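Here is a short set of exercises to work through with the model open beside you. Try each task yourself before reading its solution.

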Amino acid sequence: MSFISIEKLQKSYTGTPVFSDINLHIDKGEFITLLGPSGCGKSTLLRCIAGLTPVDSGRILLDGQDLVPQTPQKRNIGMVFQSYALFPNMSVEQNVAFGLRMQKVSADDSQRRVSEILQLVELQDFAKRYPHQLSGGQCQRVALARSLVTRPRLLLLDEPLSALDARIRKHLREQIRAIQRELGLTTIFVTHDQEEALTMSDRIVLMNQGQIVQSGDAETLYTAPVDAFAAGFIGNYNLLDAQTASRLLQRPVDSRIAIRPEAIELSSSGELAGEIVSHSLLGNVIRYRVQVNGVALVVDVLNRSAADLQPDGQAVGLNIEPAAIRHLQ
Ligand code: ADP
């Protein structure tokens, strides 16, 4: 039996459904990411699990027990938001100890647990500071410590890194994952950022318009998208309808296809003749736009040396292995 089973979950706002049939099973210790465009229902699903938003119908079983009738306080679930939501008039240690005070944990016990958890998020030297004396990344680590200190059965993270700059975001990503692994804590993470989802998750649950489109590990979602939405959302796939695909490949193709830009090889001996229209340097990758049989393709090439950079207008050959062509429904 799964640690968490979400069954036939329904939620509407004033008659407009956000989702009408969500079914999701999560194993103990799994790190799941809900990924999808803004407005697809990720936060609502998370808030329903936390009990902050009531559901219309369906069940959320945690360890065999239905959470739906329980108050948020009874659920023993930790939650971290994008906005930190720290108490400004409390120090770091007071913020972290707050949940323990509510649980009437003894002062000695509380002090020990707060100190342990601050060590875990590497904030032991900041215990006496106030939120306005901390950076955004440090505030978010306090918020994380505050939700971990109560030893929740489940951790929910709602876009916790979105307000932070790129370097801090990367570091905190690794830190969150390391802590989650160390504690073996079942975690549901919400993001609209594909890189975050691909690098952090045991499993990605891709959502669109209130529905689960695909669920699988990063490799599966990246290399085997189930439909055009999945291919368009993850990676930078070239998405071609059947007619355009037939023109590109010079043979009949009867479905939409998706080709990853890095799966196309530029080579002088390539079977297809093309011309470089433009290029942009993305650092370790050069992204070309290439015109082939009247079709514009995006092609990514590893930037190994100056010799890899080809000028616009250059005639090139292209190879597209059959295995690199994904036929979509
Ligand atoms: P996401 O987290 O994927 O961006 P949300 O779960 O926040 O999406 O929102 C899903 C849909 O529900 C959106 O269309 C949003 O406008 C709507 N919605 C969210 N919260 C409320 C609310 N409190 N009242 C009415 N509509 C809401």
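The side chain of Ser201 reaches the backbone oxygen of Ala197 at 2.5 Å. Keep in mind throughout that this is a predicted model.

**Exercise 1. Place Ser201 and describe its surroundings.**

Task: Where is the place of Ser201, is Ser201 buried or exposed, and which residues does Ser201 touch?

Solution, step by step:

1. Begin with the location. Ser201 sits in the loop that runs between helix H7 (194-200) and strand S9 (203-208).
2. Next, look at accessibility. The relative accessibility of Ser201 is 13%. Buried means under 20%, so Ser201 counts as buried.
3. Now follow the side chain. Besides reaching the backbone oxygen of Ala197 at 2.5 Å, the side chain of Ser201 has a polar contact of 2.6 Å with the side chain of Thr33.
4. Finish with the wider contacts. With residues up to four places away in sequence left out, Ser201 touches Phe31, Thr33 and Arg177.

**Exercise 2. Do the same for Gly36.**

Task: Find where Gly36 lies, decide whether Gly36 is buried or exposed, and list its contacts.

Solution, step by step:

1. Gly36 belongs to the loop between strand S3 (31-35) and helix H1 (42-50).
2. Its relative accessible area is 0%. That value falls in the buried class because the class takes in anything under 20%, and Gly36 is buried.
3. Setting aside neighbours within four places in sequence, Gly36 is in contact with Lys42, Thr191, His192, Leu206, Met207 and Phe233.
4. For a sense of distance, pick Thr186, which is 150 residues from Gly36 along the chain. The C-alpha atoms of Gly36 and Thr186 are separated by 20 Å.

**Exercise 3. Map the ligand surroundings.**

Task: Which residues surround the ligand, and how far is an oxygen atom of the ligand from a polar backbone atom of Cys40?

Solution, step by step:

1. List the surrounding residues: Tyr13, Val18, Pro37, Ser38, Gly39, Cys40, Gly41, Lys42, Ser43 and Thr44.
2. Take Gly39 from that list. One of its backbone N or O atoms lies 2.7 Å from an oxygen atom of the ligand.
3. Move on to Cys40, where a polar backbone atom is 3.1 Å from an oxygen atom of the ligand.
4. End with Gly41: here the distance between a polar backbone atom and an oxygen atom of the ligand is 3.0 Å.

**Exercise 4. Check two residues with positive phi.**

Task: Where are the places of Lys8 and Ala85, and how accessible are Lys8 and Ala85?

Solution, step by step:

1. Lys8 is not a glycine, yet its phi is positive, at about 50 degrees. Lys8 is found in strand S1 (residues 4-13).
2. With a relative accessible area of 59%, Lys8 is exposed, because exposed means over 50%.
3. Ala85, also a residue other than glycine, has a positive phi near 55 degrees. Ala85 lies in the loop between strand S6 (77-81) and helix H3 (92-102).
4. Ala85 has 40% relative accessibility and counts as partly exposed.

**Exercise 5. Survey the empty space.**

Task: What volume does the largest pocket have, what lines the second largest pocket, and what lines the largest cavity?

Solution, step by step:

1. Start with the largest pocket, which holds about 700 Å³ of space. Its lining has 21 residues, and Pro72, Gln73, Ile77, Gly78 and Met79 are the closest to its centre.
2. Helix H2 (72-75), S6, H3 and H5 each give at least two residues to this lining, with the largest share, four residues, coming from S6. By class, the lining has 12 nonpolar, seven polar and two charged residues.
3. The second largest pocket has a volume of about 290 Å³. Of the 14 residues in its lining, Gln194, Tyr222, Asn236, Arg287 and Asp300 lie nearest its centre. H7 and strand S15 (285-292) are the elements that give two or more residues, and H7 has the largest share, with four. The classes are five nonpolar, five polar and four charged.
4. Last comes the cavity. The structure holds one cavity of 30 Å³ or more, and the largest cavity has a volume of about 40 Å³. Val80, Gln140, Leu144, Leu157, Pro160, Leu172 and Ile176 line the largest cavity; six of its lining residues are nonpolar, one is polar and none is charged.

Conventions: Residues are numbered from 1 along each chain as its sequence is written. This is a predicted model: local features need pLDDT of at least 70, side-chain atom pairs count only at pLDDT 80 or more; totals for chains, interfaces and linings use all residues. Side-chain values use heavy atoms; hydrogens and water are left out. Buried means under 20% relative accessible area, exposed over 50%, partly exposed in between (1.4 Å probe, protein chains only). On a 1 Å grid over the protein atoms alone, a cavity is a set of points where a 1.4 Å probe fits but cannot get out, and a pocket is an open set with protein on both sides within 12 Å along at least five of seven lines; lining residues have an atom within 4 Å of a point. Grid points are joined across faces, edges and corners, and a volume is the space filled by probe spheres set on the points. Ala, Val, Leu, Ile, Met, Phe, Trp, Tyr, Cys and Pro count as nonpolar, Asp, Glu, Lys and Arg as charged, and the others, Gly among them, as polar. A polar contact is a pair of N or O atoms within 3.5 Å; within protein, one must be able to donate a hydrogen and the other to accept it, and residues adjacent in sequence count only if both atoms are side-chain atoms. Contact means heavy atoms within 4.5 Å. A residue is near a molecule or strand if one of its heavy atoms lies within 4 Å of it.
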